[in-house]
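Here's a quick look at a protein and its ligand. Have the structure open and follow along from the contacts outwards.

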Amino acid sequence: MIIAMDGPAASGKGTLAERVASHHGLPHLDTGLLYRAVGRDALVRGVDLDDAEATAEVAAKLAFAMLEDPELRTAGAGEAASRVARHPQVRAVLLQYQRDFAKGDRGAVLDGRDIGTVVCPEADVKLFVTATPEVRAARRFLELSARGIAVTEEAVLADIRVRDERDSTRGVAPLLQAPDAALLDTTNLSIDAAFRAALDLIEAATSRAGRAG
Ligand code: CDP
């Protein structure tokens with residue numbers, strides 16, 4: 001079973017995807033980490049984030065095993081990720097890795113921006129996870145503060161708005177709810193309630209597919 005979970009920054013899709021994957025015994029890929037790693041590597045090597053060809057070369061050399069670096073979770077890496085993610089050349093390099101991951105024996109859970117629309121349009125289940133920008137900023141602020149990263153909630157909200165706008169308006173694979181994706185608005189849900197809602201939506205989608213034959 002392939003489960004695609006897309007949504008804007010800090011919507012909770014990463015945490016949900018992790019819990020859904022462990023519940024169903026499936027491997028999980030946080031595809032945002034791939035873009036974050038390309039952004040980080042480009043910055044480290046002094047590569048211009050607006051240079052499509054040069055950042056695609058960085059993507060081609062990405063060490064896929066090295067996605068555990070806590071540095072990847074910072075706001076700076078998120079901003080760099082969303083800048084390199086605009087380049088079709090960068091996305092093309094990362095596409096095959098994501099598809100290969102999804103096509104493992106048991107299937108997988110992938111979360112990102114374009115999983116249900118571009119990476120796995122044939123996914124068995126598609127969820128679009130969202131929440132208001134203010135609630136997403138409040139959650140991300142708590143998450144970063146808990147890790148000892150000094151930020152203000154206003155700065156986090158501003159970063160989220162910039163990335164939402166850039167991710168939604170780019171020419172290639174923009175952030176978009178697939179027509180066949182179920183919407184999960186977590187604005188007023190605790191993480192446990194959102195998890196139960198996600199399981200219910202997955203159950204509904206798979207039993208619908210079963211009935212269809
Ligand atoms: O955790 P958060 O939602 O803040 O960000 P992320 O999922 O780690 O993604 C970081 C950035 O990578 C996003 O702002 C997108 O620009 C880009 N991204 C993408 O273009 N396509 C994906 N499938 C995943 C992430």
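## Around the ligand

Start at Thr-31: a polar atom of its side chain sits 3.0 Å from a nitrogen atom of the ligand. Bear in mind that this is a predicted model. Two further contacts involve oxygen atoms of the ligand, one with the backbone of Ala-10 and one with the side chain of Arg-163. Here they are side by side:

| Residue | Protein atom | Ligand atom | Distance |
|---|---|---|---|
| Thr-31 | polar side-chain atom | nitrogen | 3.0 Å |
| Ala-10 | backbone N or O | oxygen | 3.2 Å |
| Arg-163 | side-chain N or O | oxygen | 2.7 Å |

On its own the ligand has 530 Å² of accessible area, and the protein covers 96% of that. The space it fills is the largest pocket.

So who lines up around the ligand? There are 18 residues, the closest being Arg-36, Arg-91, Arg-140, Arg-163 and Asp-167. Sorted by class, the shell has nine charged, five nonpolar and four polar residues. Helix 2 (32-44), helix 4 (75-84) and helix 8 (153-169) are the elements that each give two or more residues to this shell. Helix 2 makes the largest contribution, with three residues.

Now zoom out to the whole chain. It has nine helices and five strands, and from the N terminus they run β-α-β-α-α-α-α-β-α-β-α-α-β-α. The radius of gyration is 17 Å, close to the 17 Å that the globule rule gives for 213 residues, so the chain is as compact as a globular protein of that length. Along its principal axes, the C-alpha trace spans about 55 × 35 × 30 Å.

Conventions. Residues are numbered from 1 along each chain as its sequence is written. This is a predicted model: local features need pLDDT of at least 70, side-chain atom pairs count only at pLDDT 80 or more; totals for chains, interfaces and linings use all residues. Side-chain values use heavy atoms; hydrogens and water are left out. A residue is near a molecule or strand if one of its heavy atoms lies within 4 Å of it. A polar contact is a pair of N or O atoms within 3.5 Å; within protein, one must be able to donate a hydrogen and the other to accept it, and residues adjacent in sequence count only if both atoms are side-chain atoms. Accessible areas come from the Shrake-Rupley method with a 1.4 Å probe; for residues, only the protein chains shown count as cover. On a 1 Å grid over the protein atoms alone, a cavity is a set of points where a 1.4 Å probe fits but cannot get out, and a pocket is an open set with protein on both sides within 12 Å along at least five of seven lines; lining residues have an atom within 4 Å of a point. A molecule sits in a cavity or pocket if more than half of its atoms lie within 2 Å of its grid points. Helices (H or I, at least four residues) and strands (E, at least two) are DSSP runs, numbered from the N terminus. Ala, Val, Leu, Ile, Met, Phe, Trp, Tyr, Cys and Pro count as nonpolar, Asp, Glu, Lys and Arg as charged, and the others, Gly among them, as polar. The radius of gyration is taken over C-alpha atoms; the globule rule is 2.2 Å times the number of residues to the power 0.38.
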